[in-house]
Amino acid sequence: MSALSALGCGPVIKRDFSTIPPGQIGFDDMCGLQEYFDSLNAGVAKPPVVVSSLDLEGGDGIKTVRGGRALIEFQGAFLLKNLKRVLDENWRRLPEELASADKVQLDVRWVERAGVRRVVTDQDSLLIINGDSWSLPTQPCLSEFLYGEPLYKQRREMWAPQSSGPIPAAAPAPAATDGGAPPAAPATP
């Protein structure tokens with residue numbers, strides 16, 4: 001572990017989404033990942049490589065729990081550009097080594113919920129550059145970036161089935177001006 005992370009000078013969360021429901025973060029593309037996943041889907045670049053993985057499954061006979069740990073490696077201009085953007089937008093005090101790194105690894109613990117993997121929220125992940133590591137506090141954009149491909153594929157199909165252009169972010173809810181009653185549904189033609 002790096003001396004920086006041992007002293008508590010490592011990355012800290014910049015954008016706090018703790019008051020936003022997790023499903024809303026992906027639905028509204030608050031992490032700006034639609035273009036990234038569209039590019040991967042179009043074959044512009046290969047996805048990051050899972051260097052090692054430990055997958056666990058257990059349960060009580062009624063409910064099955066799946067989880068594990070993965071070491072994921074990012075190399076190449078496309079992957080590193082997107083990783084660095086996600087990190088820079090969502091964490092402060094990132095290590096200086098990140099700017100010039102030609103390979104970055106993330107060591108994450110994950111759990112599967114409703115058939116989708118998510119980075120666990122009760123443990124930090126590790127950001128690894130040239131053998132040094134920094135604790136990376138949990139933030140929803142990390143899950144979206146690493147495991148959001150199925151959601152963003154569905155989002156693309158829902159918002160723009162015949163288009164490959166940009167998908168608009170969901171409009172913010174209008175302010176209540178009528179005592180809090182929900183807005184009327186639009187008339188159908």
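Start by selecting helix 6: Cys141, Leu142, Ser143, Glu144, Phe145, Leu146 and Tyr147 are buried there (under 20% relative accessible area with a 1.4 Å probe, protein chains only; over 50% is exposed, in between is partly exposed). That makes 7 of the 8 residues of helix 6, so this helix is largely enclosed by the rest of the structure. Helices here are DSSP runs of H or I with at least four residues, strands are E runs of at least two, and both are numbered from the N terminus.

Before you click on, this is a predicted model, where local features need pLDDT of at least 70 and side-chain atom pairs count only at pLDDT 80 or more, while totals for chains, interfaces and linings use all residues. Residues are numbered from 1 along each chain as its sequence is written, and side-chain values use heavy atoms, with hydrogens and water left out.

Now show the side chain of glutamine 139. Glutamine 139 caps the N-terminal end of helix 6, with a side-chain oxygen 2.6 Å from the backbone nitrogen of cysteine 141.

Next, the pockets. A pocket is an open set of points on a 1 Å grid over the protein atoms alone, where a 1.4 Å probe fits, with protein on both sides within 12 Å along at least five of seven lines; lining residues have an atom within 4 Å of a point. The largest one has a volume of about 330 Å³. Select Pro22, Val119, Thr121, Thr138 and Pro140, the closest to its centre among 16 lining residues. Helix 2 (22–27), strand 6 (116–119) and helix 6 (140–147) each give two or more residues to this lining. By class, it has 7 nonpolar, 5 polar and 4 charged residues (Ala, Val, Leu, Ile, Met, Phe, Trp, Tyr, Cys and Pro are nonpolar, Asp, Glu, Lys and Arg charged, the others, Gly among them, polar).

For the second largest pocket, about 280 Å³, pick Pro47, Pro48, Phe145, Leu146 and Tyr147, which lie nearest its centre out of 18 lining residues. Helix 3 supplies the largest share of that lining, 4 residues. The lining divides into 13 nonpolar, 3 polar and 2 charged.

Last stop: helix 4 (residues 77–90). Its 14 residues should span 20 Å at 1.5 Å a residue (times one less than the residue count), and the end C-alpha atoms are 20 Å apart, which agrees. Colour its buried residues: Leu79, Leu80, Asn82, Leu83, Val86, Leu87 and Asn90. They cover an arc of only 165° around the axis (directions from the axis to the C-beta atoms), which puts them on the same side of helix 4. On the face turned away from that buried side, find the exposed Ala77 and Lys81.

Key: Grid points are joined across faces, edges and corners, and a volume is the space filled by probe spheres set on the points. A polar contact is a pair of N or O atoms within 3.5 Å; within protein, one must be able to donate a hydrogen and the other to accept it, and residues adjacent in sequence count only if both atoms are side-chain atoms.
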